[in-house]
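Please read the following report alongside the sequence and the three-dimensional model. The topics are overall fold, nonpolar packing, charged pairs, cysteines and backbone geometry.

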Amino acid sequence: IFQKMPKGVKFTHHLLIIILASLVIRLPLFFAHSAVTTADTDGYYKLERKLTDGKILNMVFNDERTPLYLIYLHFGMSLSGNFNPIYKSAEFYNGAYLVTSLQTIFGILSILLIYFTLIKIKVNPQKALLCSLFLSGNIMIFSWEKILLTESLTIFLLILIFYISVNLLTYKTFPYKLLLILCSALLILLKPIYLGLPFLILLIYCLHKYQRAKIRFAIIFLIIYLVLPLAYVRYNFVQRKYLGINHITDINLLGKIMQFNLPITNAKKFRYFYETLSDYRQKKFPPMPYTFLEYYDPLIYSHTEKLNSLSGFNAKVISSNLTGFFTRSISQIPSAMLEKSEFIKTVIPPVGLANFVYRYLYEIYKTVQYLTLIFIPIFIVSIFLFFKKRNNLKFAVFFLAGMISFYQIVLSVFFSYEEFGRLIVVVQPLLYLFIFYSCGQIWTYLRVSRIP
């Protein structure tokens, strides 16, 4: 992967500075033995234990969670010598320490990949170093390395795919094509919401210095790539009569319907959800989809026939209220981009120097996050500019960073009802890359335009 990297003392020094700074800022978390767990961690771990007791295919193909993080947890626990320990037991936390340590390694590798990418496209080395250090010290990002959730692995995979895509724009060699297929498949197995992301990456790849060979690769890529989700859907349909990957997105969309209080009168044919949701609203219970589902049927996750009809119910309600759903989701973008996950504060040590430093970092990066509000208008302008400057490698690379960020932001507000800070943080590294480049271009333009 690291072929054709520039050699020299300065480059080596920069790598050492990034690695050292990344290690130093993470040391308090590395030596804190207890990993941070959440309700979702409980769900992931219980499902991992349940599925590993049965057939291995049950872990790979199930309608509750995609398997990559389940497999990661399973092997992390096994490598530490703790096979299926009781949740939150001493043995569990011993295994969790190895899991989060690996996440820390992935986090530092992510920063190095960012630096390699910037150097590859001939960004000034000092600017590349400063940008890497800024991202390395971002507590909104590195805190997830200590939490037993998918976000840390998602950040790493997105940056790795970004790095591979940049190499495809420059080298077009077979190993990078193979790696893009592999990493895209892994990303689906981590979070199926990224199913559409490779289509956007291939679009930029084909438009940048257009060649027929690129179109051929894109077609071959999509044929191979789509085998996995189609196989997943087919297996779920044969085994559970469910035409989808998992029910998480269905439940999140139900949350949007409840949050926006969308009328459901046109979805009467989905009798179970129409009647129970109507009753739930009459009782004025909080609009929480998981609370709603479990209130009327505590065993609903085992009652596949009920959950299978949820996607149809959602589709009917949303299509009947499309304008309201669209406009209200769009209006959530500014607040979503400024949201900070409460999980981050649980990572901060309660006392001592580390507490002071982390809280100071939190306040700094919370303030800097306001800069992300300029992303959407600048990105919209960059779409039009891309068709004029698509053969400019540097512009194409930063546009790609913006495209991945835009994809994440839009899908977060349209397909989720809460925890936007947690969802959007996974693209913060790429989001800041795009914003810094755009601000630099704007500054250069303003400075040049002043010259008589």
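The text below goes from the whole chain to individual residues.

**Overall fold**

The model is predicted, and its secondary structure consists of 25 helices and 0 strands. The radius of gyration is 23 Å, close to the 22 Å that the globule rule gives for 452 residues, so the protein is as compact as a globular protein of that length. Along the principal axes, the C-alpha trace spans about 70 × 50 × 40 Å. Of the 452 residues, 52% are buried, while the surface that the protein exposes comes to about 21200 Å², with 68% of that area supplied by carbon and sulfur atoms. Among contacts between residues at least 6 apart in sequence, 75% join residues that are at least 24 apart.

**Nonpolar core**

In soluble globular proteins, nonpolar side chains tend to be buried together. In this model the largest nonpolar core has 145 residues, and those with the most contacts inside it are Tyr69, Tyr115, Phe162, Phe313 and Phe375. Helix H23, which covers residues 393–415, gives this core its largest share, namely 15 residues. Phe375 can serve as an example of the packing: once its neighbours within four places in sequence are left aside, Phe375 is in contact with Met337, Gly402, Ser405, Phe406, Ile409, Leu431, Phe434 and Ile435.

**Charged pairs**

The count of salt bridges comes to 9, and the table lists some of them with the distance between the closest nitrogen and oxygen atoms.

| Basic residue | Acidic residue | N to O distance |
|---|---|---|
| Lys191 | Glu151 | 3.0 Å |
| Arg422 | Glu151 | 3.1 Å |
| Lys283 | Asp279 | 3.1 Å |

Where in the chain do the partners Lys191 and Glu151 lie? The salt bridge between Lys191 and Glu151 links distant parts of the chain, with Lys191 in the loop between helix H9 (174–190) and helix H10 (197–207) and Glu151 in helix H8 (residues 151–170), 40 residues apart. Lys191 counts as buried because its relative accessibility of 14% falls under the 20% limit, and Glu151 is likewise buried, with a relative accessible area of 1%.

Glu151 also forms a salt bridge with Arg422. This second pair again links distant parts of the chain, since Arg422 is in helix H24 (residues 420–424) and Glu151 in helix H8, 271 residues apart. Arg422 is buried, as is Glu151.

The side chains of Asp279 and Lys283 meet in a salt bridge as well, but here both partners are partly exposed, Asp279 with a relative accessible area of 25% and Lys283 with one of 38%. Salt bridges that share partners join Asp40, Glu151, Lys191, Glu419 and Arg422 into one network.

**Cysteines**

A disulfide is a covalent bond between the sulfur atoms of two cysteines. How many disulfides does the structure hold? The number is 0, and the distances between sulfur atoms show why for two of the cysteines. For Cys131, the closest cysteine sulfur is that of Cys439, at 12 Å, which is too far for a bond; a disulfide would require the two sulfur atoms to be within 2.5 Å. For Cys183, the closest cysteine sulfur belongs to Cys206 and is 19 Å away, again too far for a bond. Cys131 is buried, with a relative accessible area of 11%, and Cys183 counts as buried at 4% relative accessibility.

**Backbone geometry**

Most residues other than glycine have a negative phi, and most peptide bonds are trans. Lys122, although not a glycine, has a positive phi of about 65°. The place of Lys122 is in the loop between helix H5 (90–120) and helix H6 (125–136), and at 70% relative accessibility this lysine counts as exposed. Lys241 also has a positive phi, near 60°, in a residue other than glycine. Lys241 lies in the loop between helix H12 (227–240) and helix H13 (248–260) and is exposed, with a relative accessible area of 58%.

Key: Residues are numbered from 1 along each chain as its sequence is written. This is a predicted model: local features need pLDDT of at least 70, side-chain atom pairs count only at pLDDT 80 or more; totals for chains, interfaces and linings use all residues. Side-chain values use heavy atoms; hydrogens and water are left out. Buried means under 20% relative accessible area, exposed over 50%, partly exposed in between (1.4 Å probe, protein chains only). A nonpolar core is a set of buried Ala, Val, Leu, Ile, Met, Phe, Trp, Tyr and Cys residues joined through side-chain atoms within 4.5 Å. Helices (H or I, at least four residues) and strands (E, at least two) are DSSP runs, numbered from the N terminus. Contact means heavy atoms within 4.5 Å. A salt bridge is a side-chain nitrogen of Lys or Arg within 4 Å of a carboxyl oxygen of Asp or Glu. The radius of gyration is taken over C-alpha atoms; the globule rule is 2.2 Å times the number of residues to the power 0.38. Accessible areas come from the Shrake-Rupley method with a 1.4 Å probe; for residues, only the protein chains shown count as cover.
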